[in-house]
Amino acid sequence: MLDTKYNHSLIEENKYEMWKDNGYFKCEEESNKKPFCIVLPPPNVTGVLHLGHAWDVTLQDIIIRYKKMEGYDAFWLPGMDHAAIATEAKVVKRLKDKGIDKYEYGREKFLDACWDWTKEHGDIIRAQWAKLGVALDYSKERFTLDEGLQEAVKKVFVDYYNEGLIYRGEKIINWDPAAQTALSNEEVVYSEEKSAFYHLKYKLENSEEYLDVATTRPETLFGDTAVAVNENDERYKNFVGKNVILPIVNKPIPVITDEHADMEKGTGCVKITPAHDPNDFEVGNRHNLERIIIMNDDATMNENVPSKYVGMTREECREEVLKDLEREGLLLEVEPLVHEVGHSERTGVMVEPMVKKQWFVKMRPLADTVLETQKDKNKKVNFVPTRYEKTMNHWMEITYDWCISRQLWWGHRIPAWYKGDEIYVGMQAPEGEGWEQDNDVLDTWFSSALWPFATLGWPHNTKLLEKYYPNQCLVTGYDIIPFWVNRMTFQGEKILGQRPFEDCLIHGLIRDKLGRKFSKSLGNGIDPFDMIKLYGADSLRYYLATDVSKGTDMRFDEEKIKSTWNYINKIWNASRFALMNIEGLKEIKLENLKDIDKWILTKYNKVVKNVTKHMDKYDFNIVGSELYSFVYDDFCSNYIEMAKFSLDDETTKSVLCYILTGILKMLHPFMPFVTEEIYQMLPIKDAESIMISSYPTYDKKQIFEDEELIVDDEILFIKNFRNVKKENNITKDMKIKFESIPNELLIKMLKLEDSITTDELDINSYNVLSNNIIAVIYSPYFLM
């Protein structure tokens, strides 16, 4: 029997271990069941799971549990991401706190420290998965840096290199001066900052005439190799082809024409710094301009600037340059402005565009394949909601070559070796002396992009790969569509010729109650495991899954989790009542049904039909509303109350058990712990665990429209009758006459056994309480 009070802490103990130990989480690769596979977006091994992770895995767990109950071979493959930059930064800090320098420590020992970190935090994450109750098949767990992924990554790199899709070249890239590594454009976060346009005087050589050149970065003038104007700009016709004098450096640089110079923007004159601006880099390529790198890898000024500035930070250099320009009369104006500045997503420092020799993926042919495939409804990735397909397609349309090399130690080391000018790229190290392997590693997203198929055994033709690829669904946030979804899509289509997953369910981001992002500076962070301690995993899961519609952001509200706890408590109490009265039931017989039985069966089957439809569409918020209305109103408030007068009847007991079982099954994907606890107490079950029981199915034979209308009307009568009594202070001892005597159930429900009179009364007033029942009430206190 259920305890008198619902205690989430006690109920959520040991069940996860039971499910796991009994093998309920494992896929059935040898079965003939239709597969349904989800690969978990691997969390970084840098720390603990946050609220966004809890939301993400809850949605996936709901889908997996639902599909398993529907009879699918439901396979949820877990894993974690080595997170190159983030993990390396954490380990560097840990070693630094111990007084150990990364480079003095050496690569081999440093990697050992990274593996120690991975094991430590991997154990923490697994414990948190267990707290959330997620049904992951741990026997198939993978890691983005395990041996299988290393083989897969090397093969893709080597094959792409041989096809000309991967190349090494000197290009301008985003440089993180703190981590001292290259970044892809997706790893740069832009934020608005107060700055200024600094108008500088670039004098025409051997003349007092000058160009007014506006820039937000005066400290980079040491790398200027030209000034550009638009060829249609009549203002500067006399300057084109001549030289101007570079301020402070006092060397001549040419005035050129280029489309990059916008006549309508600023003064129309643009300083060209090919080594420190991506647009200027392209201008430099068009005009064969020199690239002068003026900064060290830590973004301090290097030997290519006047000695006075060498060693200064970018900010210090800017301050000194502006002083010197003003002193020499070359600072014309300072025009305040607010503009977006790029920062490293991981370290937070301002990114420095720099020319570096890096490895790149040639993106145009890969992106064009995706764009073509997305035109075919039978082959495309189906985004849910559909609007997010535009996000991917837009990225594919404007994409650029992907910088994949990172100046780190932790990660997939690039399988390239050098001997003089010779380059060897292969699966194994080359034979012979004098070869040195590239020190860099690959962008973490390069390995993550192979996740849907490399985790299934590719590049080998495994049974897992054959059965579970393409995956049926991916669940992730809209913020990593460019980082991950797009890259998995083009890699899957290029390497295996198929989309990586059929559906891509997109959820939003979680913000605080005021709509702000969670951040340490605001102090508004929420630990999901604090919420679990207070209210239980079932309450948190149900809230996260049903609060907002798919694809939209959520504003976290703890009061709603409290309300969910109250809802579960209601289910607990109703279940406890039902179980007390169906104890000993041997068989469910839905025979000799009364009107109220037919009514609840009709309501139940309609909700089963609607819930199934919306579960299949991932509309979990609608499912939540449907179930809440049915459970709270139809079952708890109405049927149980009406059933109390016929609990000695086998039919009533059968209906109670049947409906309660169905409710528990529909709720199970959302709140697995409490539903398992109650399910185990049922006198009749179809499986040893609710997790492997059969999901309810719609039965049109249990639809009784006429009886549904009759009981709906009776319920409305009861509601209105009680309202009238309350509003008019009608007490128990007042006599009530009905034009037509209500049925026996209504009399009992309304406790009217001693209040009805058949005598003729002096009618003072009456009230229409429903469509076909009129209550005539004798009372001097009744007000119309």
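In this predicted model, helix α21 and helix α22 are roughly antiparallel to each other, and I would like to begin with how we arrive at that description. The axes of α21, which covers residues 650-667, and α22, which covers residues 672-679, cross at roughly 155°, and since an angle over 145 degrees counts as roughly antiparallel, the pair is therefore given that name. The two axes come within 9 Å, and the crossing in which α21 passes α22 is left-handed.

Which residues make the contact between these helices? On the α21 side they are Thr661, Leu664, Lys665 and Leu667, while α22 brings Thr675, Ile678 and Tyr679. If we sort the residues of this contact by character, we find four nonpolar, two polar and one charged.

Let me now turn to another part of the chain, namely Lys102, which lies in helix α5, a helix made of residues 102-105. Is Lys102 buried or exposed? Its relative accessible area is 10%, and because a value under 20% counts as buried, Lys102 is described as buried.

What does Lys102 touch, then, if we leave aside residues up to four places away in sequence? The residues it touches are Glu88, Val92, Phe110 and Trp409. Glu88 deserves a second look, for its side chain and that of Lys102 are joined by a polar contact of 2.4 Å. Along the chain Lys102 and Glu88 stand 14 residues apart, and their C-alpha atoms are separated by 9.8 Å.

Key: Residues are numbered from 1 along each chain as its sequence is written. This is a predicted model: local features need pLDDT of at least 70, side-chain atom pairs count only at pLDDT 80 or more; totals for chains, interfaces and linings use all residues. Side-chain values use heavy atoms; hydrogens and water are left out. Axes are lines fitted to C-alpha atoms, for helices over the stretch in contact, and angles run from 0 to 180 degrees between N-to-C directions. Helices (H or I, at least four residues) and strands (E, at least two) are DSSP runs, numbered from the N terminus. Angles under 35 degrees count as roughly parallel, over 145 as roughly antiparallel, 65 to 115 as roughly perpendicular and the rest as oblique. A crossing is left-handed if the near helix is turned anticlockwise from the far one by less than a right angle, and right-handed if clockwise. Contact means heavy atoms within 4.5 Å. Ala, Val, Leu, Ile, Met, Phe, Trp, Tyr, Cys and Pro count as nonpolar, Asp, Glu, Lys and Arg as charged, and the others, Gly among them, as polar. Buried means under 20% relative accessible area, exposed over 50%, partly exposed in between (1.4 Å probe, protein chains only). A polar contact is a pair of N or O atoms within 3.5 Å; within protein, one must be able to donate a hydrogen and the other to accept it, and residues adjacent in sequence count only if both atoms are side-chain atoms.
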